[in-house]
Amino acid sequence: MVSIKNLHKKFGSQKVLDGLELEIKEKGIIAILGPNGSGKTTLIKSILGMVIPDKGTNKIDGKDIKNRWDYRQQLDYLPQIANFPGNLKVIELITMIKDLRGLPARDKELIDFFKIEHFLDKKLTKLSGGMKQKVNLVLCFMFDSPLIILDEPTSGLDPVSLLRLRKFIQQEKENGKTILITSHIMDFVEDVADRIIFLLEGKIYFDGTVNELKESTQEPDFEHAIAKLLTKEDV
Amino acid sequence: MLFLNNDLNTAVITLMNVIIMLVPLIGTIFGVMYYYNSREFTELLLAQPVKRSSIFLGQYFGVAISLSISLVLGLGIPFAAYGLFKSPAIWDFVMLLVTGLFLTLIFSALAFNIALSNENKIKGFGYAILLWLFLAVIYDGLFLLSLVYFQEYPLDKFSLVATMFNPIDLSRILILLKLDISALLSYTGAVFKQFFGTSFGSIASISMLVLWVVLPLLRIAYVVRKKDF
């Protein structure tokens, strides 16, 4: 589905991605982990075409995405920080995105699922962080696309909504979708991820399942295993 | 003002002075402000299946066209009410409107360019205002200084070219010539009349104005293709 070869990106003098190679063929949930500033968001944004890489190719479904936009019809994205135009009402925003895509959307079902119907008529500036994140989730999951990219989906959510989100992501996985997730909440990742990709300094430092990670670091606990990955680099 | 002057021609001249200064300023400020204010919106749209150039050119035309409409309506309604259509000054007035429209398109495009190249809002605003100040005031000053400094040399070619490179000056000359008061334009007036008065001159100056719109637009399309968000 996604095939990335030799991806380089610099922001000024700061190297963010340094010859990254990534191949995603399978369905299921793939977690992208890494310390702050390791290039997770940049990687995601280059898949989306929002960041233009300096070097390397980025293919989705076998086609190079450079200077193309139509492939985003098959892709859903949840941004890390929900920046919405504040002068719109929630319902107006949802309708607008629906118009833009022109695809059948399951917004009613999702509005129900994330329990946002009571603030549909509010302006987006009036919403709290968690409420915005829920709107963000609804917008993202509205169009049944085969590839979903979630950048920190858990940020700002209360425990009840978090449980709901987990359930929903599992459900989407069973529907045969490919889901890319970045998150800092380790037990969430351990719970849902089929494959872990660990980024460090713009390269993939580890690629495998949760169990493989535990074996290779000889740590029974996932969180400690990740920590060990990080500290091993320092030695 | 119309009633004070009791003459459409004088009203056109007075308005020209206002329009030539204010329209670029409004275009610049609105262009920059709109770009920075809709950044969140842009980010949202970029993740959707929409072409990049259509997002930004759409935003540009949204600003430029609404400014143009307000200019046409704001100027047109009072003049029409005063009986413009029966007056011989109608073509002078049309010229005023056309240059005003061009100035709106040019300066909002320039403002978008500045905003695209500057992430920092304050810097972007600063540069945009500086650009306006330069083209509206400083350019003329430099132009005059150079005329005085080099007055022993033949300057007609130079002043023609220098006028062409500033859309504000170009618009002013076009309106003044249309009003047939080029006698006011000091010693190069005759040269200007000779050049801009001919059909070649008007075509050249109009195409120069078109160029002033097209080049910044092309740069917007180019920059947008390479930019990271």
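# Two sheets, two cores and a long-span helix check

Helix α5 of chain B covers residues 90-117, and its 28 residues should span 40 Å at 1.5 Å a residue; the end C-alpha atoms are 41 Å apart, so the helix agrees with expectation. Please keep in mind while you browse that this is a predicted model. Chain A, where most of this briefing is spent, holds 8 helices and 10 strands. Its strands include a sheet of 4 and a sheet of 6.

**Overall build of chain A**

- The radius of gyration of chain A is 18 Å, which agrees with the value near 18 Å for a compact globule of 235 residues.
- Measured out along the principal axes, the C-alpha trace of chain A would fill about 55 × 40 × 35 Å.
- Buried residues make up 36% of the 235 in chain A.
- Among the chain A contacts with a separation of 6 or more, 68% link residues that are 24 or more positions apart.

**The antiparallel sheet of four strands**

- The order across this open sheet of chain A is β2-β1-β4-β5, and the pairing is antiparallel.
- At its edges stand β2 (14-24) and β5 (63-64) of chain A, each pairing on one side only.
- Strand β1 of chain A, residues 2-11, is joined to β2(A) by 8 bridges in the antiparallel sense.
- Two positions help you find this pairing on screen: A:V2 stands opposite A:I24, and A:H8 has A:D18 as its bridge partner.
- β1(A) and β2(A) make a hairpin with 2 residues between them, and A:G12 in the turn has a positive phi of about 65°.

**The mixed sheet of six strands**

- A second open sheet in chain A runs β6-β7-β8-β3-β9-β10, with mixed pairing.
- Each of the edge strands, β6 and β10 (203-208) of chain A, has a single partner strand, so one side of each is left without a neighbour in the sheet.
- From one strand to the next, the twist averages 15°.
- Strands β7 (residues 147-151) and β8 (residues 178-182) of chain A run parallel and are joined by 5 bridges; within this pair, A:L150 is partnered by A:I181.
- Helix α1 of chain A, residues 40-48, packs on the sheet and touches β3 (28-33), β6, β7, β8 and β9 (195-200) of chain A. The direction of this α1 helix makes about 150° with that of β7(A).
- β3(A) and β9(A) also pair in the parallel sense, over 4 bridges, with A:L33 facing its bridge partner A:F198.
- β9(A) and β10(A) run antiparallel and are joined by 5 bridges, one of the bridge pairs being A:L199 with A:I204.
- In the hairpin of β9(A) and β10(A), 2 residues lie between the strands, and A:E201 takes a positive phi near 50°.

**Nonpolar cores**

- The largest nonpolar core has 61 residues, and those with the most contacts inside it include A:I30, A:V138, A:I149 and A:L180.
- Helix α4 of chain A, residues 129-141, gives the most to this core, with 7 residues.
- Leaving out residues up to four places away in sequence, A:I149 touches A:I44, A:I47, A:L48, A:L75, A:D76, A:Y77, A:L78 and A:L180.
- Another core lies apart from it, with 46 residues, among them B:F79, B:L96, B:I114 and B:I173.

**Single spots worth a look**

- Why is α5(B) described as largely enclosed by the rest of the structure? Because 20 of its 28 residues are buried.
- Where does A:I81 lie? A:I81 is in the loop between β6 (75-78) and α2 (90-101) of chain A.
- Is A:I81 buried or partly exposed? With 15 C-beta neighbours inside 10 Å, A:I81 counts as partly exposed.
- A:I81 and A:K132 are 51 residues apart in sequence, and their C-alpha atoms are 9.3 Å apart in space.

Note on methods: Residues are numbered from 1 along each chain as its sequence is written. Chains are lettered from A and ligands numbered from 1 in the order in which they are written. This is a predicted model: local features need pLDDT of at least 70, side-chain atom pairs count only at pLDDT 80 or more; totals for chains, interfaces and linings use all residues. Two strands pair if DSSP finds at least two bridges between them. The radius of gyration is taken over C-alpha atoms; the globule rule is 2.2 Å times the number of residues to the power 0.38. A residue is buried if 20 or more other C-beta atoms lie within 10 Å of its own, exposed if 12 or fewer, and partly exposed in between; C-beta atoms are placed from the backbone. Two residues are in contact if their C-beta atoms, placed from the backbone, lie within 7 Å. The expected span of a helix is 1.5 Å times one less than its number of residues. A nonpolar core is a set of buried Ala, Val, Leu, Ile, Met, Phe, Trp, Tyr and Cys residues joined through C-beta atoms within 7 Å. Axes are lines fitted to C-alpha atoms, for helices over the stretch in contact, and angles run from 0 to 180 degrees between N-to-C directions.
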